[in-house]
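Please read the points below with the sequence and the model side by side. They are meant for someone who has not met this structure before.

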Amino acid sequence: MNFKLTINPIEDIKADIEIIIISEKNLDHRFVQDKELLEKSGFKSSQDETCLLIERDRLYVAVENISSINVRTAIATAIRVLANKSYKSIKIASYMNHPKCTTVLRGMVEGFVLGAYVFDRYKSEKSKLSIEDITISLDEYNEYQLDIEACTRAMNNGEIVANATNFTRDIVNTPPDDCYPKVMAKIAKNMAKENGLECIIIKPKELKKEKMETLLAVARASRHKPRVIHLAHKPENPKAIVTLVGKGLTYDSGGLSLKPSDFMVTMKSDKSGGSAVIGIMKAISEMNLPVEVHGFIGAVENMIGGDAYKPDDVLVAKNGKTIEIRNTDAEGRLVLADTLCYAQQEVKADYIFDMATLTGASVVGVGHYTSTIMGNSDKVKDSIIKYAKISGEFATKLDFNRYLKKSIKSEIADICNISNTRYGGAITAGQFLENFIDDDHKDKWVHIDIAGPAFVEHSWGENPHGASGAGVRMMTRFIEGLARPKK
Ligand code: BES
Ligand code: ZN
Ligand code: ZN
């Protein structure tokens, strides 16, 4: 897809089809032309409703009102209507709310790229989208002082982050026997090479030397050996240093505490946090942001076998803390514990975030659309939530408290890998992770549980069935915020 920005009036642009966004407010003269036809077809102008007028070469799509979030999902829906049709070029007005506000423009570009995504690698018949060129007209704002450079940057960044999200979706959607730790490391390495990032792959021998025994225990029963991946973007004079840690369970069978079969299906998506970290590294390097960013991914497969780690085992984490295992399906926190320790040993960061499909409890608590945000600093948590919202993701805080903290105490070790209460499982998992954050990073750390939105079973918004790429847009936006000069 090639995007072009122009100040030419939309009428003067040649294209196979025009997309027109309708909100109650912009039902002006131009749309009235088709008002009768739209009414005839029963068009109600409800968000994401589409109407293709083939003979007029116009595709209408409705939004509740013009906002970047609404335009993103409307455009994603509209582009799907054009799949398997022969239109090659689209023209569309910019629908910016204000000549200086470029967020709608970015949302529109993201909508096109995210909406056009399909995962058909394993289909004999591929879906076809013929669209090559998309021209966006800024004509409506011609009389104002337009900052074309800002508009172009918004479009480019939208395209970068949406492509990175699709890249993450591809990794997550790949079946577990085609994407295991070694493959994930290779994907990261290839991306790093293309984007000029540093990439170090830590293999089992070295993981052992680094005393990452909890990660190794989870990995032990799999024929696919684990990897820890370290990606780094190191610009000169960075404005801040950010560390990202991702859970990369290429498959989570539950281990000996085996998942029931219905719960095992979709567990290829347990690598969503790690895959998001790879996607974010791709986006921030393509944007060339003046922020140093390190990505660490714990890539492991959790399986069963004679060699499996067991409930009743006591493991020693990299920082020396002992962990009583009572459920081998609470493996993500074990992998993250060692990966977090390793990341903090390697990099002293201003911010450290971990992203993980960590608990079913997060989904039970807030639903399939929202990530849960935990940590000790309200300032950092609020900032992440703010950027999630701008980016088109949903995120909400879950507060720690001293009572739940006690529920992961163990009679025989320093802590237990599961809580002794049935409730608050997302928070107790977060509090487990806090045990592996050193004093210097306590207020710099935020844990993001993406178990809800990472994998989509019923398509919503700009997300088709399958991996959503959750976390990529919110975190890239946060890092973009750090890169911006302070006012
Ligand atoms: N990967 C799962 C969490 C998960 C569940 C992600 C559903 C996405 C959708 C994680 O490893 C897990 O199994 N957690 C257990 C923890 C429990 C044993 C304390 C869970 O949430 O049930
Ligand atoms: Zn599990
Ligand atoms: Zn898991």
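1. A definition is needed before the metal site: four donors count as tetrahedral if all angles lie between 85 and 135 degrees, four count as square planar and six as octahedral if opposite donors are over 155 degrees apart and all others between 65 and 115, and anything else is irregular. Donors are N, O and S atoms within 2.8 Å of the metal (3.2 Å for Na, K and Ca), and water is not among the atoms, so sites may look incomplete.

2. This is a predicted model, in which local features need pLDDT of at least 70 and side-chain atom pairs count only at pLDDT 80 or more, while totals for chains, interfaces and linings use all residues. Residues are numbered from 1 along each chain as its sequence is written, chains are lettered from A and ligands numbered from 1 in the order in which they are written, and side-chain values use heavy atoms, with hydrogens and water left out.

3. The zinc ion (ligand 2) has as protein donors D252 (OD), D329 (O), D329 (OD) and E331 (OE), at 2.0 to 2.2 Å. The angles among its six donor atoms run from 71 to 167°, and the site is irregular. D252 also bridges to the zinc ion (ligand 3), the two ions lying 3.2 Å apart. Distant parts of the chain are linked here, since D252 belongs to strand β9 (residues 241–252) and D329 to the loop between β12 and α10 (332–346), 77 residues apart; strands (E, at least two residues) and helices (H or I, at least four) are DSSP runs, numbered from the N terminus.

4. Buried means under 20% relative accessible area, exposed over 50%, and partly exposed in between (1.4 Å probe, protein chains only). On that scale D252 is buried at 2%, whereas D329 is partly exposed at 23%.

5. Strand β4 (residues 58–62) has five of its five residues buried, with R58, Y60 and A62 on one side and L59 and V61 on the other. Two strands pair if DSSP finds at least two bridges between them. Strand β2 (residues 17–22) pairs with β4 in the parallel sense over five bridges, and I19 stands opposite L59. Strand β3 (residues 50–53) pairs with β4 in the antiparallel sense over four bridges, where L53 stands opposite R58.

6. A separate point concerns an open sheet of three strands, ordered β11-β12-β16 with mixed pairing. Because β11 and β16 (415–416) stand at the edges with a single partner strand each, one side of each is left without a neighbour in the sheet.
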